Structure formats: structure tokens, C-alpha cells
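Hi everyone, thanks for coming. I'd like to walk you through one structure today, so have a look at the screen while I bring it up.

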Amino acid sequence: RIHQLGYDYFLDSWNVYDYTLVVLSGADIVVSVTLPDSGGLGIAKSLRILRLLRVYRSIKGLKALQGLWVIVQGCLDSLLAVVWVTMALFLFLF
């Protein structure tokens, strides 16, 4: 994408976010491979949690497809019921 858009790639904050995650993950891998006892970069480990924002970004894009968004919302809403059924099955089996 950077090759296609050039410097315009960095005008979108999501692109800067993705670029930063990729660069820090790459640096973490290089440090982990070259220095096995170092444990990698501490900041890259903490940024792994922020990768969930990329999932949010993808789900936010689904809102444009209203029918698909209804299905995703229904699946998310049913997760609590799935947890209760799993707990009940666990109690019955053990």
C-alpha cells in the first residue's frame, strides 16, 4: 500500500497505526532471534493488546453491510447464552 499511495499513506491515522504495529513487531522478532535471552522488546509486547483495535476497525466496516452486521450482532449477543449452556453442561457431566 505504501508503494501505491506514496506519502499519502501516512495521512490516514489507521495506516500510521498499522505501520507502527508492523515495524515494532518486526523489531521484536529481530531482537528475539538475535538475542534469545532478552525476551524481545517490552514496548512491542504491550502493543500486542492494541492489535484488538484492528479487529474493531474491521467490525466497524461491517456496519456498511447492514444485513451482515445484524448477523454479527446476533452472534455477539448470544455469547452470554452460550456461556450459561456450557456451564450447565459442565455441571451435568461432572
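**The nonpolar patch and its neighbours**

Let's start on the surface: among the contributors to the nonpolar patch, helix α2, residues 13-34, gives the most, with three residues. Before I go further, please keep in mind that this is a predicted model.

So which residues make this patch? They are I2, Y7, F10, V16, Y19 and V23, and together they form a nonpolar surface patch of about 580 Å². Let me take some of these members in turn.

V23 is found in helix α2. Is V23 buried, partly exposed or exposed? V23 counts as partly exposed, because its relative accessibility is 43%, and the partly exposed class runs between 20% and 50%.

I2 sits in another element, helix α1, which covers residues 2-5. With 35% relative accessibility, I2 is partly exposed as well. What does I2 touch, if we leave out residues up to four places away in sequence? The answer is Y9, F10 and Y19. There is also a C-alpha distance to mention here: I2 and N15 are 13 residues apart in sequence, and their C-alpha atoms are 9.3 Å apart in space.

**The aromatic rings**

Those three contacts of I2, namely Y9, F10 and Y19, bring us to the rings. For the chemists who like geometry, a pair of aromatic rings is described by the distance of the centres and the angle of the planes. How many aromatic pairs does the structure hold? It holds two. One of them is formed by Y9 and F10, an edge-to-face pair with 5.2 Å from centre to centre and 90° between the planes. The rings of F10 and Y19 also have their centres 5.2 Å apart and their planes at 90°, so this pair is edge-to-face too. The cut-off behind that label is an angle over 60 degrees. Through these ring pairs, Y9, F10 and Y19 are linked into a cluster.

How covered are these rings? Y9 counts as buried because its relative accessibility is 7%, and the limit for buried is under 20%. F10, at 36%, is partly exposed, and Y19, at 37%, is partly exposed. Both F10 and Y19 also belong to the nonpolar patch we began with.

**A buried leucine in helix α2**

Back to helix α2, where L21 has its place. Is L21 buried or exposed? L21 is buried, because its relative accessibility comes to 4%. Further along the chain we meet L50: L21 and L50 are 29 residues apart, and their C-alpha atoms are separated by 8.7 Å.

**The whole protein**

Let me zoom out to finish. The secondary structure comes to six helices and zero strands, and from the N terminus the elements run α-α-α-α-α-α. Of the 94 residues, 13% count as buried. The protein exposes about 7700 Å², and carbon and sulfur atoms supply 72% of that area. As for contacts with a separation of 6 or more, residues 24 or more positions apart account for 32% of them.

That's my tour for today, and I'm happy to go back to any part of it. Thank you!

Terms used. Residues numbered from 1 in each chain as written. Predicted model: local features only at pLDDT ≥ 70, side-chain atom pairs only at ≥ 80, totals over all residues. Heavy atoms only, no water. Patch = residues over 30% accessible without salt bridge, like charges linked within 9 Å, V, L, I, M, F, W, Y side chains within 5 Å. Areas by Shrake-Rupley, 256 points an atom, 1.4 Å probe, with all protein chains shown as cover. Salt bridge = Lys/Arg side-chain N within 4 Å of Asp/Glu carboxyl O. Helix = DSSP H or I, 4+ residues; strand = E, 2+ residues; numbered from the N terminus. Buried < 20%, exposed > 50% of the residue type's maximum accessible area, 1.4 Å probe, protein only. Contact = heavy atoms within 4.5 Å. Phe/Tyr/Trp six-rings, centres within 6.5 Å; stacked < 30°, edge-to-face > 60°.
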